[in-house]
Amino acid sequence: MEKNKLTVLSHLFVTIFIYFFGNMTVLPSITDVTMSALCPGQDQCSFAIYLTGIQQAMIGLGMVVMTPLIGNLSDKYGRKSLLTLPLTLNIIPLVILAYSQETNFYYVYYVIRTLTAMVCDGSTNCLALAYVADNISEQGRASAFGVLSGVISAAYVCGTLAARFLPTGSTFQVAAVASMTAAVYMRIFLKESLPAEEDLMQPILKDEQDIERNGELPRKTRESKNLPKVEDLICLLKNSKTFSQAATVSFFLSLGEGGFQASLLYFLKARFHYNKNQFADIILISGVAGTISQLLFMPLIAPIVEEETLLSIGLFVGCVTTFIYSLSWSAWVPYAIAVFAIFAVFSYPTVRSIASKQVGPGEQGKAQGCISGLSSFASIISPLIFSPLTALFLSERAPFNFPGFSIMCIGLATTIAFIQSTLIKAVPPIPSQISCNNNLSED
């Protein structure tokens with residue numbers, strides 16, 4: 001049985017690898033493409049920073065609604081059914097830039113990418129985590145989540161390597177093909193997953209007339225018409241102190257990461273005139289370190305060291321490295337700091353594993369969707385705070401000479417997450433677990 005589960009998960013890992021490989025291939029190039037389309041010939045462009053920040057905020061706003069909804073629906077309709085949606089939508093914006101990176105096409109990409117990312121960016125991770133939780137026991141879940149994160153890191157490494165050696169235009173063509181392959185592979189090889197297959201609701205696309213009996217739909221089908229409610233998410237937060245603490249950590253971690261992703265590349269371009277290849281090198285070093293950590297170290301350490309300890313270690317290293325980034329005094333400093341991702345990557349899988357153990361098997365999609373939704377809310381706030389701050393301190397209007405000031409402020413958000421993580425106490429698996437449907441409370 002365990003062997004069958006590993007086979008099932010292997011198809012998920014392949015799907016996720018190909019999906020993130022395609023997305024990662026374009027990441028080192030998108031800053032240069034944005035600058036070339038909006039501010040040709042410049043190394044510093046406030047308009048590009050603001051536009052990127054606005055996009056990130058809009059995507060986060062959509063994800064706040066869509067990620068919990070998709071996660072909750074996957075508890076009813078199955079992970080594979082819902083995973084089809086983000087994997088398919090992700091193809092569209094990549095095809096646009098694969099065709100042309102001219103200014104007009106960039107604006108079309110910008111709009112389409114904003115809309116599709118509301119569905120794709122958070123829900124793919126959410127559904128993958130729920131899929132793993134369906135097939136792995138609580139004792140092995142932290143390691144399994146670590147392996148999933150390691151697969152994503154490996155995709156980052158391979159995608160970055162491809163971007164490093166491909167022309168900018170070709171990166172989007174390769175990414176588009178990879179995204180199509182991920183969607184097709186998933187539909188062919190990945191098996192449906194739900195805690196109890198017999199409880200699977202009527203497929204969304206199935207004609208209701210096929211299952212009408214005596215002029216009335218089955219009870220489960222009628223119940224499936226009810227969309228997830230905000231009260232369900234509030235219930236998860238109220239019924240478990242540990243879950244709410246994990247959610248708080250995820251919020252501030254995402255607040256820092258969102259600002260870091262939106263600001264760092266523009267900071268490095270303005271400060272040290274980095275280009276696509278240098279961006280790729282930084283991401284590559286970080287990705288290799290993260291992959292080694294999550295695929296090799298995490299499965300060995302997780303059974304021995306408590307998840308709460310690993311979470312605090314990851315967040316502490318994240319705080320320190322972010323502060324050092326802000327003080328970068330030479331172009332080699334970011335390269336050296338990127339190695340410490342080998343510890344910083346502990347944060348993501350451990351906080352997700354802690355959260356997953358606080359709910360029953362039938363609520364994994366809801367739980368992961370709740371965490372992703374709060375993280376998405378942080379993604380709304382983050383660019384509104386850090387994008388203007390980055391633009392200000394990289395401009396000639398800066399109140400004082402500290403180009404990395406916004407990066408330092410991002411480190412403060414991660415520090416709050418670290419402090420909160422130290423308050424999480426180890427909680428043994430609970431036989432009954434939380435059930436919002438039955439209003440059971442852990443604490």
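This is a short walk through a few features of the structure shown above, from its salt bridges to a surface patch and a pair of helices.

Okay, hi everyone. One thing before we start: what you're looking at is a predicted model.

Let's begin with charges. Side chains of opposite charge can pair when their charged atoms come close. So how many salt bridges does the structure hold? The count is 4.

Have a look at Arg79. Its partner is Asp75, and the closest N and O atoms of that salt bridge sit 2.7 Å apart. Are these two residues buried or exposed? Arg79 is buried, and Asp75 is buried as well.

Next up is Glu307, which meets Lys357 in a salt bridge, 2.9 Å from N to O. This pair ties together distant parts of the chain, 50 residues apart. Glu307 belongs to helix H12, which covers residues 307–326, while Lys357 is in the loop between helix H15 (347–356) and helix H16 (364–393). Glu307 and Lys357 are both buried. And going back to Asp75 and Arg79 for a second: salt bridges with shared partners join those two and Asp134 into one network.

Then there's Asp121, in a salt bridge with Arg113, where the closest N and O atoms are 3.1 Å apart. Asp121 counts as partly exposed, because its relative accessibility is 28%.

Right, out to the surface. Which residues make the nonpolar patch there? They are Phe316, Val320, Ile324, Leu327, Trp329 and Trp332, and the patch comes to about 640 Å². Let me pick out Leu327. You'll find Leu327 in the loop between H12 and helix H13 (333–338). Why does Leu327 count as exposed? Because its relative accessibility is 52%, and the cut-off for exposed is over 50%.

Last stop, helices. Helix H5 runs over residues 103–135 and helix H6 over residues 141–165, and the two pack at an angle of about 140° with their axes 10 Å apart. That angle makes H5 oblique to H6. The cut-off for roughly antiparallel is over 145 degrees, so this pair doesn't get that label. As for handedness, H5 and H6 make a right-handed crossing.

While we're on H6, find Gly150 in that helix. Gly150 has a relative accessible area of 0%, so it counts as buried. Now, how far apart are Gly150 and Ile292 in sequence and in space? In sequence they are 142 residues apart, but from C-alpha to C-alpha they are 7.5 Å apart.

That's my tour, thanks for listening!

Key: Residues numbered from 1 in each chain as written. Predicted model: local features only at pLDDT ≥ 70, side-chain atom pairs only at ≥ 80, totals over all residues. Heavy atoms only, no water. Salt bridge = Lys/Arg side-chain N within 4 Å of Asp/Glu carboxyl O. Buried < 20%, exposed > 50% of the residue type's maximum accessible area, 1.4 Å probe, protein only. Helix = DSSP H or I, 4+ residues; strand = E, 2+ residues; numbered from the N terminus. Patch = residues over 30% accessible without salt bridge, like charges linked within 9 Å, V, L, I, M, F, W, Y side chains within 5 Å. Areas by Shrake-Rupley, 256 points an atom, 1.4 Å probe, with all protein chains shown as cover. Axes fitted to C-alpha atoms, helices over the stretch in contact; angles between N-to-C directions. Parallel < 35°, antiparallel > 145°, perpendicular 65-115°, else oblique. Left-handed = near helix turned anticlockwise from the far one by under 90°.
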